[in-house]
Amino acid sequence: MSGVEDAFHKFAVYGDTAASGNEMTGKNFSKMCKECGVMDGKAVTSTDVDIVFNKVKTKGARTITFAEFQQAMKELCGKRFKGKSPEEALQAVYGLIEGKEPGSAGTTKATKVGGVERLTDTSKYTGSHKERFDESGKGKGLAGREDLTDNSGYVGAYKGAGTYDKTH
């Protein structure tokens, strides 16, 4: 039973930061049935799952406890596995649920379009923009944005800087 209870807690907290994991909402119950294969679209539909959820929860409540969840599974297992005895059907449903975690199928993933990748590649920067990053591509921060004063007495970018003392 621990595998089923563990899956119940994982689905109960899914998408709700304030959830304790002891009670499950109808949305998460429906998600669990869909992802674990209890809801197959033929024998057990989303309507059946919603009806069973509303049947087992206490009046006025919006969530079900693990005990009510077990009652709901007893109701659904007969529909899902018609030819089996109630005990075999219940074990088959628990077998589907055990060890499952809520997935995030169909969620939006961040993609890098060719243009964005090209624009954010610091190795291709030129001119004054190139000065703002070191060789590894990490920004230099304030040092890369500020013109640091050179008080050596030579003009900027003079190749022979520091050679006066050697020649005279």
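Guide: Buried means under 20% relative accessible area, exposed over 50%, partly exposed in between (1.4 Å probe, protein chains only). This is a predicted model, where local features need pLDDT of at least 70, side-chain atom pairs count only at pLDDT 80 or more, and totals for chains, interfaces and linings use all residues. Residues are numbered from 1 along each chain as its sequence is written, and side-chain values use heavy atoms, without hydrogens and water.

Visitor: Are Phe29 and Phe69 buried or exposed?
Guide: Phe29 belongs to helix α2 and Phe69 to helix α4 (helices are DSSP runs of H or I, at least four residues, numbered from the N terminus). They sit 40 residues apart, so the pair links distant parts of the chain. Both are buried.

Visitor: What kind of aromatic pair do Phe29 and Phe69 form?
Guide: Rings of Phe, Tyr and Trp (its six-membered ring) pair with centres within 6.5 Å; planes under 30 degrees apart are stacked, over 60 edge-to-face, the rest tilted. The structure holds five such pairs. For Phe29 and Phe69, the centres lie 6.1 Å apart and the planes meet at 90°, which is edge-to-face.

Visitor: What kind of aromatic pair do Phe66 and Phe69 form?
Guide: Both residues lie in helix α4, three residues apart, about one turn. Both are buried. Their centres are 5.7 Å apart, with 25° between the planes: stacked.

Visitor: Which residues form one aromatic cluster with Phe29, Phe66 and Phe69?
Guide: Phe69 pairs with Phe29 and with Phe66. The cluster that holds these three is completed by Phe8 and Phe53.

Visitor: Which residue takes a positive phi just after α5?
Guide: Buried residues of α5 include Tyr94 and Ile97. Just after the helix, phi is positive, about 75°, at Gly99.

Methods
Helices (H or I, at least four residues) and strands (E, at least two) are DSSP runs, numbered from the N terminus.
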